[in-house]
Amino acid sequence: MKKITIAIDGFSSCGKSTMAKDLAREIGYIYIDSGAMYRAVTLYSMENGIFTAEGIDTEKLKKQINSIRISFQLNPETGRPDTYLNGINVEKKIRTMEVSSRVSPIAALDFVREAMVAQQQEMGKAKGIVMDGRDIGTTVFPDAELKIFVTASPEIRAQRRYDELKAKGEEAGFDEILENVKQRDYIDQNREVSPLRKADDALLLDNSHMTISQQKEWLAEQFEKVCKS
Ligand SMILES: Nc1ncnc2c1ncn2[C@@H]1O[C@H](COP(=O)(O)OP(=O)(O)OP(=O)(O)O)[C@@H](O)[C@H]1O
Ligand SMILES: Nc1ccn([C@@H]2O[C@H](COP(=O)(O)O)[C@@H](O)[C@H]2O)c(=O)n1
């Protein structure tokens, strides 16, 4: 069967990667979490003195951006890809609240987006890919055959993230998470370059009251429809 490109965009913590990973595994496609790439650049910036008392040292980051290597490798224990930054597994480190609270300003920088989008387009050039993020259907793969835009209320999204962090034994308050979710949505929707928005030809999914298996089933149906058309 001919392989297609699947773009899943939407607000933070609404379940994009959960849906995307499951679908990719079932249909034998590559899965790329584009948010992990922006998180990895943020971690790099935190570890290399790019966040200063005056703010982000953009000139320093600009000089170094092309030497930041991000890759993914399947973790046999979880069955899911882990993120590597310059050869080091940073999957755990990039999911902390510290990174979450700093990632959106880094992702708003034009040269950072340019570098990440180029890498993402390279990863998807043979099709057979499911990529999730904020600008996949609008900028990275505007010709994707299947585009989904996911949303859910901020409170529900914050609760999902809170439950996830708690299960991992990480301490973060619900209010702090809710504030972070709202702040990232605001920055992502209002930045100049590739702001978060639904592509005109994307299907809208509000999964506020759906279970993980219901949304998985819904996505599989959309995939089947596109493949049959
Ligand atoms: N329909 C659902 N009902 C309940 N929990 C869900 C649902 N979908 C996803 N989750 C849970 O919500 C949390 C966030 O999901 P996920 O990481 O897939 O979101 P995301 O949109 O990719 O987030 P981000 O953009 O911030 O990376 C996870 O713990 C996931 O298990
Ligand atoms: N295509 C994308 C993906 C992500 N971002 C930014 O990265 C942040 C973290 O992404 P998560 O998917 O892990 O939440 C997100 O808040 C965006 O600021 C992006 O700009 N474009």
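**Ligand 2 shell.** I began with the helices around ligand 2: helix 2 (34–47), helix 4 (97–107) and helix 8 (174–190) each supply at least two residues of its shell. I was working on a predicted model, and I kept that in mind throughout. Next I asked which helix gives the most to this shell. Helix 2 does, with 4 residues. I then went through the 14 residues around ligand 2 and noted those that come nearest: G35, Y38, A107, G133 and R134. For the character of the shell I counted 4 nonpolar, 5 polar and 5 charged residues.

**Domain record.** I checked UniProt. The unreviewed entry lists "domain: Cytidylate kinase" for residues 6–223. Over that range I found 49% helix and 19% strand. I also looked at the two ends of the range: their C-alpha atoms are 9 Å apart.

**The sheet.** I traced the strand order next. The sheet is open, has 5 strands and reads 2-8-1-9-10, with parallel pairing. Which strands sit at the edges? I noted strand 2 (30–33) and strand 10 (203–206), each of which pairs on one side only. The twist averages 20° from one strand to the next.

I then took one pair by itself. Strand 1 (residues 5–10) and strand 8 (residues 129–133) run parallel and are joined by 5 bridges. Within this pair I looked up D9, and its bridge partner in strand 8 is G133. I had already met G133 among the residues that come nearest to ligand 2.

**Helices on the sheet.** I turned to helix 1 (residues 16–27), which packs on the sheet. I listed its contacts as strand 1, strand 2, strand 8 and strand 9 (146–151). Its direction makes about 175° with that of strand 8. I did the same for helix 9 (residues 212–228). Helix 9 lies across strand 9 and strand 10, and runs at about 160° to strand 9.

**T211.** My last stop was T211, in the loop between strand 10 and helix 9. Is T211 buried or exposed? I found 9 other C-beta atoms within 10 Å of T211. The cut-off for exposed is 12 or fewer, so T211 is exposed. I also took a distance from T211 to A126. The two are 85 residues apart along the chain, and their C-alpha atoms are separated by 32 Å.

Terms used
Residues are numbered from 1 along each chain as its sequence is written. Chains are lettered from A and ligands numbered from 1 in the order in which they are written. This is a predicted model: local features need pLDDT of at least 70, side-chain atom pairs count only at pLDDT 80 or more; totals for chains, interfaces and linings use all residues. A residue is near a molecule or strand if its C-beta atom, placed from the backbone, lies within 6 Å of it. Ala, Val, Leu, Ile, Met, Phe, Trp, Tyr, Cys and Pro count as nonpolar, Asp, Glu, Lys and Arg as charged, and the others, Gly among them, as polar. UniProt positions are given in the numbering used here, feature names are shortened, and annotations may be inferred rather than shown by experiment. Two strands pair if DSSP finds at least two bridges between them. Axes are lines fitted to C-alpha atoms, for helices over the stretch in contact, and angles run from 0 to 180 degrees between N-to-C directions. Two residues are in contact if their C-beta atoms, placed from the backbone, lie within 7 Å. A residue is buried if 20 or more other C-beta atoms lie within 10 Å of its own, exposed if 12 or fewer, and partly exposed in between; C-beta atoms are placed from the backbone.
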